[in-house]
Amino acid sequence: MIRIILIGYMGAGKTTVGKALAAELGVPFYDLDWFITTRYRRSVPEIFAERGEDGFRDLERRMLHEAAEFEDIVLSCGGGTPCFFDNMEYMNSLADTIYLKATPEVLAMHLRMGKGKRPLLEGKSPEELEETVRQMLVDREPFYTRAKHIVDVSLLDTASKIQDSVRIIREMLKV
Ligand code: S3P
């Protein structure tokens with residue numbers, strides 16, 4: 001049975017790598033944010049606006065407990081998922097967890113391209129964005145590094161990043 005959960009900061013490429021990995025392994029891919037927005041018929045920014053971050057974290061936890069029980073899946077989480085409740089322990093108890101690690105510079109570069117989707121980073125200048133990523137990573141890395149495996153994506157060449165990440169993960173997990 002294949003149950004792989006990708007974690008890491010926003011902009012690390014969890015969704016992109018997850019989709020490619022699932023396609024190679026021939027198993028369904030789920031993105032936790034997609035799961036939440038489909039179930040509640042609201043975008044992530046709308047849920048933050050209506051319920052606040054605490055409300056979003058409750059829904060996120062609830063949906064994690066549904067999605068992570070599926071057999072034969074690749075699941076990518078939101079950047080904050082591992083950092084709330086006992087989510088990280090829960091994920092480790094039933095899946096191969098992989099932290100897609102990247103430097104604040106690389107993350108900020110990716111995030112500049114995805115404006116308007118991430119309420120926690122809204123309205124920041126490029127300099128503020130990188131500083132925010134840096135600060136948040138200090139708080140979040142202790143959670144992320146509890147993953148069973150770590151793949152450092154910032155070391156990979158941009159052109160072949162996705163295929164290389166998939167190859168490294170498959171070698172690590174022998175799948
Ligand atoms: C968040 C990451 C987002 C989304 C929400 C909060 C976070 O997911 O869940 O905006 O706290 O890091 P991505 O990591 O897929 O952008």
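## A tour of the model, starting at Arg-41

Select Arg-41 first: this residue is exposed, and its relative accessible area is 72%. That puts Arg-41 in the exposed class because the class takes in residues over 50%. Keep in mind as you click around that you're looking at a predicted model.

**Stop 1: the loop at Arg-41**

Where does Arg-41 lie? You'll find Arg-41 in the loop between helix H2, residues 32-40, and H3. Now look at its backbone: phi is near 50°, which is a positive value, and Arg-41 is not a glycine.

**Stop 2: back into helix H2**

Next, select Thr-38, which lies in helix H2. Is Thr-38 buried, exposed or partly exposed? With 41% relative accessibility, Thr-38 counts as partly exposed. Show the side chain of Thr-38 and add Trp-34: a polar atom of the Thr-38 side chain lies 2.5 Å from the backbone oxygen of Trp-34.

While Thr-38 is selected, pick Arg-140 as well and draw a line from C-alpha to C-alpha. That line spans 27 Å, and the two residues are 102 residues apart along the chain. Remember Arg-140, as it comes back at the next stop.

**Stop 3: the ligand**

Now go to the ligand, which sits in the largest pocket. How many residues surround the ligand? There are 13 of them, and the closest are Lys-14, Asp-33, Arg-57, Arg-118 and Arg-140. Show those side chains as sticks and go through three of the contacts:

- Lys-14: an N or O atom in its side chain is 2.8 Å from an oxygen atom of the ligand.
- Asp-33: one of its polar side-chain atoms is 2.8 Å from a ligand oxygen atom.
- Arg-140: here a polar side-chain atom lies 2.7 Å from an oxygen atom of the ligand.

Switch on a surface if you like. On its own, the ligand has 390 Å² of accessible area, and the protein covers 95% of that. Which helix gives the most to the shell around the ligand? Colour helix H3, residues 44-67, to see the answer: H3 contributes three residues, the most to that shell.

**Stop 4: the loop between S3 and H4**

Select Gly-78 now, in the loop between S3 and H4. Gly-78 is buried, with a relative accessible area of 8%. It falls in the buried class because that class means under 20%.

What is Gly-78 in contact with, once you leave aside neighbours within four places in sequence? The list is Gly-8, Lys-14, Leu-32, Asp-33 and Glu-60. You've already met Lys-14 and Asp-33 among the residues closest to the ligand. Glu-60 is 18 residues from Gly-78 along the chain, and their C-alpha atoms are separated by 8.5 Å.

Stay in this loop and click Phe-85, between strand S3 (73-76) and helix H4 (87-94). Phe-85 is partly exposed, at 46% relative accessibility. Check its phi too: the value is near 50°, positive in a residue other than glycine.

**Stop 5: helices H5, H6 and H7**

Move on to helix H5, residues 104-112. Its buried residues are Pro-104, Val-106, Leu-107, Ala-108 and Leu-111. What do the buried residues of H5 pack against? Colour helix H6 (126-144) and H7 to see the two helices they pack against.

For a view from the H6 side, select Glu-130, which has its place in helix H6. Not counting residues up to four places away in sequence, Glu-130 touches Pro-104, Glu-105, Ala-108 and Arg-112. Pro-104 and Ala-108 are among the buried residues of H5. Then add Arg-134: its side chain and that of Glu-130 are joined by a polar contact of 2.8 Å. As a distance check, pick Phe-56, which is 74 residues from Glu-130 in sequence and 24 Å away in space, C-alpha to C-alpha.

**Last stop: Val-175**

Finish by selecting Val-175, in the segment after helix H7 (161-173). Val-175 is partly exposed, with a relative accessible area of 34%. Which residues is Val-175 in contact with, apart from neighbours within four places in sequence? They are Ile-2, Leu-25 and Arg-170. For one more C-alpha to C-alpha line, add Val-153: the distance to Val-175 is 19 Å, and the pair is 22 residues apart in sequence.

Key:
Residues are numbered from 1 along each chain as its sequence is written. This is a predicted model: local features need pLDDT of at least 70, side-chain atom pairs count only at pLDDT 80 or more; totals for chains, interfaces and linings use all residues. Side-chain values use heavy atoms; hydrogens and water are left out. Helices (H or I, at least four residues) and strands (E, at least two) are DSSP runs, numbered from the N terminus. Buried means under 20% relative accessible area, exposed over 50%, partly exposed in between (1.4 Å probe, protein chains only). Contact means heavy atoms within 4.5 Å. A residue is near a molecule or strand if one of its heavy atoms lies within 4 Å of it. A polar contact is a pair of N or O atoms within 3.5 Å; within protein, one must be able to donate a hydrogen and the other to accept it, and residues adjacent in sequence count only if both atoms are side-chain atoms. Accessible areas come from the Shrake-Rupley method with a 1.4 Å probe; for residues, only the protein chains shown count as cover. On a 1 Å grid over the protein atoms alone, a cavity is a set of points where a 1.4 Å probe fits but cannot get out, and a pocket is an open set with protein on both sides within 12 Å along at least five of seven lines; lining residues have an atom within 4 Å of a point. A molecule sits in a cavity or pocket if more than half of its atoms lie within 2 Å of its grid points.
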